[in-house]
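Visitor: Please take one part of this model and look at it closely. After that, set it against the rest of the chain.

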Amino acid sequence: MASDRQLLEYVLRLADSDLIFAQRLGEWVGHGPVLEEDIALTNVGLDLLGQARLWFAYAGEIEARGASRQSAGGGRSEDEFAFLRESGGFRNLLLAEQPNGNYADTTARQFYFDIWHELLLRGLVGSRDPRIAEIAAKALKEVLYHAERSADWVIRLGDGMELSHGRMQSAIDDLWMYTGEMFAADDIEESLIAEGIAADVETLLPVWRERVALVLDEATLATPSAVWMQRGGKQGLHTEHLSHLLAEMQSLHRAHPGAQW
């Protein structure tokens with residue numbers, strides 16, 4: 001039987017990826033290529049931030065019911081999870097922390113994640129854990145739009161001018177090595193998968209690749225063929241980009257601990 005520790009670890013992986021993607025998209029506010037996209041990126045980021053809050057709230061409940069946390073008076077709050085952990089304590093996908101780069105880089109990063117996120121949430125809707133199923137069902141309604149939107153932009157940029165096509169292809173190629181981690185299940189996930197709590201990410205890979213290939217084909221872009229993949233984010237091993245992101249994201253809270261506004 002899976003432990004609360006394993007469940008907490010899994011929920012934090014879901015929460016952290018949403019949070020870090022939201023922070024990256026927040027960096028685009030006021031810098032979008034056109035006003036409509038500036039607003040759209042902000043809305044997607046806010047959706048992901050809201051989803052992260054739901055996962056963090058559940059993570060706090062899991063901690064509170066564990067014996068090690070009961071003596072301390074309960075689990076951590078959303079703010080404590082977000083602002084009071086160092087980079088090694090985060091469990092987000094490496095893809096999430098990659099810099100925004102140009103608009104093609106951001107689009108490719110979101111496209112890879114959005115398609116996976118939709119497939120993952122579809123699987124989690126059937127989770128035997130009622131809270132996971134409930135949060136997944138709520139999040140899926142928003143992520144369906146995210147996936148449609150990012151795919152549309154891949155097509156528009158890929159099948160556009162020579163400059164946009166070249167940048168989109170470069171972004172698709174450069175970020176490909178961070179996609180394998182999304183489908184790599186470790187011992188924690190395998191235990192939860194066996195109990196019907198977590199989604200079996202390995203089974204999502206063929207569907208994800210098919211959907212990605214269809215979009216790239218319409219965008220006149222080549223699907224990357226590289227097989228080597230970066231991993232470690234879900235176990236707390238990150239690139240230097242996450243530390244820089246957290247330094248900015250956490251600075252206000254750490255400078256004024258306990259402040260409310």
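Guide: Arg-5 is exposed, because its relative accessible area is 55% and the cut-off for exposed is over 50%. This is a predicted model, and the percentage is computed from its atoms. Arg-5 belongs to helix H1, which covers residues 4-26. In sequence, Arg-5 and Ile-62 are 57 residues apart, yet their C-alpha atoms are separated by 8.2 Å.

Leu-121 gives the opposite case. Its relative accessibility is 1%, so Leu-121 counts as buried, the limit for that class being under 20%. Leu-121 sits in helix H6, residues 103-124. Setting aside neighbours within four places in sequence, Leu-121 touches Ala-136, Ala-139, Leu-140 and Val-143. For one of these, Ala-136, the C-alpha to C-alpha distance from Leu-121 is 5.2 Å, with the two positions 15 residues apart in sequence numbering.

Trp-116 is also part of helix H6 by its number, as the helix runs over residues 103-124. With neighbours within four places left out, the contacts of Trp-116 are Leu-93, Met-182, Phe-183, Val-201, Leu-204 and Trp-208. Two of these names return in the largest nonpolar core, which has 82 residues: Phe-111, Trp-116 and Trp-208 are the members with the most contacts inside that core. In soluble globular proteins, nonpolar side chains tend to be buried together.

Now the chain as a whole. The secondary structure consists of eleven helices and zero strands, so the order from the N terminus is α-α-α-α-α-α-α-α-α-α-α. The radius of gyration is 18 Å, close to the 18 Å given by the globule rule for 261 residues, so the chain is as compact as a globular protein of that length. Measured out along its principal axes, the C-alpha trace spans about 60 × 45 × 30 Å.Of the 261 residues, 52% are buried. Among contacts with a separation of 6 or more, 80% join residues 24 or more positions apart. The accessible surface comes to about 12200 Å², and carbon and sulfur atoms hold 54% of that surface. As for charge, the chain carries 23 positive and 41 negative side chains, and the centres of the two sets are 5 Å apart.

Methods:
Residues numbered from 1 in each chain as written. Predicted model: local features only at pLDDT ≥ 70, side-chain atom pairs only at ≥ 80, totals over all residues. Heavy atoms only, no water. Helix = DSSP H or I, 4+ residues; strand = E, 2+ residues; numbered from the N terminus. Buried < 20%, exposed > 50% of the residue type's maximum accessible area, 1.4 Å probe, protein only. Rg over C-alpha atoms; globule rule 2.2 N^0.38 Å. Contact = heavy atoms within 4.5 Å. Areas by Shrake-Rupley, 256 points an atom, 1.4 Å probe, with all protein chains shown as cover. Lys, Arg positive; Asp, Glu negative; His and termini not counted. Charge placed at Lys NZ, Arg CZ, Asp CG, Glu CD. Core = buried A, V, L, I, M, F, W, Y, C linked by side-chain atoms within 4.5 Å.
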